[in-house]
Amino acid sequence: MASPTPEFARYCCELLHAAGPCVARRMFGGYGISTDGLTLALLVDLGPGERLWLKANGDSQGRFEAAGCERFIYHAKNKPVHLNYYSAPDEAMESPALMAPWARLALQAALTARQAQAAKKPGAVKKGPARGTP
């Protein structure tokens, strides 16, 4: 598998600008794209060529699937590993305006993941009923 090019990484950062200023960093033979420390996309070539994969979650997964996007699946120890990333819709790859709603979905999924991680940390404040309420 070939590694995505730096030019493709820069182009994807331009496409995702609706989510905020993006930075592409090399990782695992591809790139991670983040804004404000949140990883919202990956650039990986899983065989058919370099591709932009957007972060998803339970709330957005159906939208990606309805748009015909592929789920990010790789094989480790001869078993498929599914990540919560989906290929960007082909038409969204044409302009930042077409990518904007998808970039915002990916950013929301990254924010939700960060909040879930913070809630799992020891000493995290759990939200519940206010004191003095039944």
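This is a dialogue about reading the features of one predicted protein model.

Colleague: Before I look at any single residue, what pLDDT does the protein average?

Modeller: The model is predicted, so it is sensible to begin with the predictor's confidence in each residue, which is what pLDDT expresses on a scale from 0 to 100. Here the protein averages a pLDDT of 89, and 90% of the residues score at least 70. Over residues 129-134, however, the pLDDT is below 50, and beyond near neighbours in sequence this stretch has zero contacts in the model.

Colleague: How many helices and strands are there, and in which pattern do they follow one another along the sequence?

Modeller: There are three helices and six strands in the protein, and reading along the sequence gives the pattern α-β-β-β-β-α-β-β-α. Of the 134 residues, 37% count as buried. If you take the contacts with a separation of 6 or more, residues 24 or more positions apart account for 51% of them.

Colleague: Let us take the helix α1; which of its residues are buried?

Modeller: A general idea helps before the case itself: an α-helix has 3.6 residues a turn, so residues three or four places apart point the same way. In helix α1, which covers residues 6-15, the buried residues are Phe8, Ala9, Cys12, Cys13 and Leu15. Seen down the axis of α1, these buried residues fall within an arc of 155°, so they line one face of the helix.

Colleague: Which elements do the buried residues of α1 pack against?

Modeller: They pack against the strands β1 (23-27), β2, β3 (38-45) and β4 (50-55), and also against helix α3 (96-120).

Colleague: Two of those buried residues are cysteines, so how many disulfides does the count come to?

Modeller: To judge this you need one cut-off, because a disulfide is taken to be a pair of cysteine sulfur atoms within 2.5 Å. By this rule the count comes to zero disulfides. The sulfur of Cys12 has its closest cysteine sulfur in Cys13, at 7.4 Å, which is too far for a bond. For Cys22 the closest cysteine sulfur is again in Cys13, at 5.2 Å, and this is also too far for a bond. Both residues are buried, Cys12 with a relative accessible area of 0% and Cys22 with one of 17%.

Colleague: How should I read the charged side chains, and how many salt bridges are there?

Modeller: The general idea is that side chains of opposite charge can pair when their charged atoms come close. In this structure the count comes to two salt bridges. One of them joins Arg10 and Glu7, whose closest N and O atoms are 3.7 Å apart; both residues lie in helix α1, three residues apart, or about one turn of the helix. Arg10 counts as partly exposed, at 49% relative accessibility.

Colleague: Where do Arg51 and Glu70 lie?

Modeller: The side chains of Arg51 and Glu70 meet in a salt bridge at 3.0 Å, N to O. Arg51 lies in strand β4, whereas Glu70 lies in the loop between α2 (61-66) and β5 (71-76), so the pair ties together parts that are 19 residues apart in sequence. Arg51 is partly exposed, with a relative accessible area of 22%, and Glu70 is partly exposed as well, with 42%.

Colleague: Now a polar residue, Thr35: is it buried or exposed?

Modeller: Thr35 lies in strand β2, residues 30-35, and is buried, with a relative accessible area of 6%. A polar atom of the Thr35 side chain lies 2.8 Å from the backbone oxygen of Pro21. Leaving aside neighbours within four places in sequence, Thr35 is in contact with Ala19, Gly20, Pro21, Cys22, Leu40 and Leu107.

Colleague: And which residues is Leu105 in contact with, leaving aside its neighbours within four places in sequence?

Modeller: Leu105 is found in helix α3 and counts as buried, at 16% relative accessibility. With those neighbours left aside, Leu105 is in contact with Lys55, Ser60, Arg63 and Phe64. The C-alpha atoms of Leu105 and Arg63 are separated by 9.3 Å, although the two residues are 42 residues apart along the chain.

Colleague: Where is Ser60 found?

Modeller: Ser60 is found in the loop between β4 and α2, and at 2% relative accessibility it counts as buried. A polar atom of the Ser60 side chain lies 3.1 Å from the backbone nitrogen of Asn57.

Methods: Residues numbered from 1 in each chain as written. Predicted model: local features only at pLDDT ≥ 70, side-chain atom pairs only at ≥ 80, totals over all residues. Heavy atoms only, no water. Contact = heavy atoms within 4.5 Å. Helix = DSSP H or I, 4+ residues; strand = E, 2+ residues; numbered from the N terminus. Buried < 20%, exposed > 50% of the residue type's maximum accessible area, 1.4 Å probe, protein only. Polar contact = N/O pair within 3.5 Å; in protein donor to acceptor, adjacent residues only side chain to side chain. Arc of directions from axis to C-beta. Salt bridge = Lys/Arg side-chain N within 4 Å of Asp/Glu carboxyl O.
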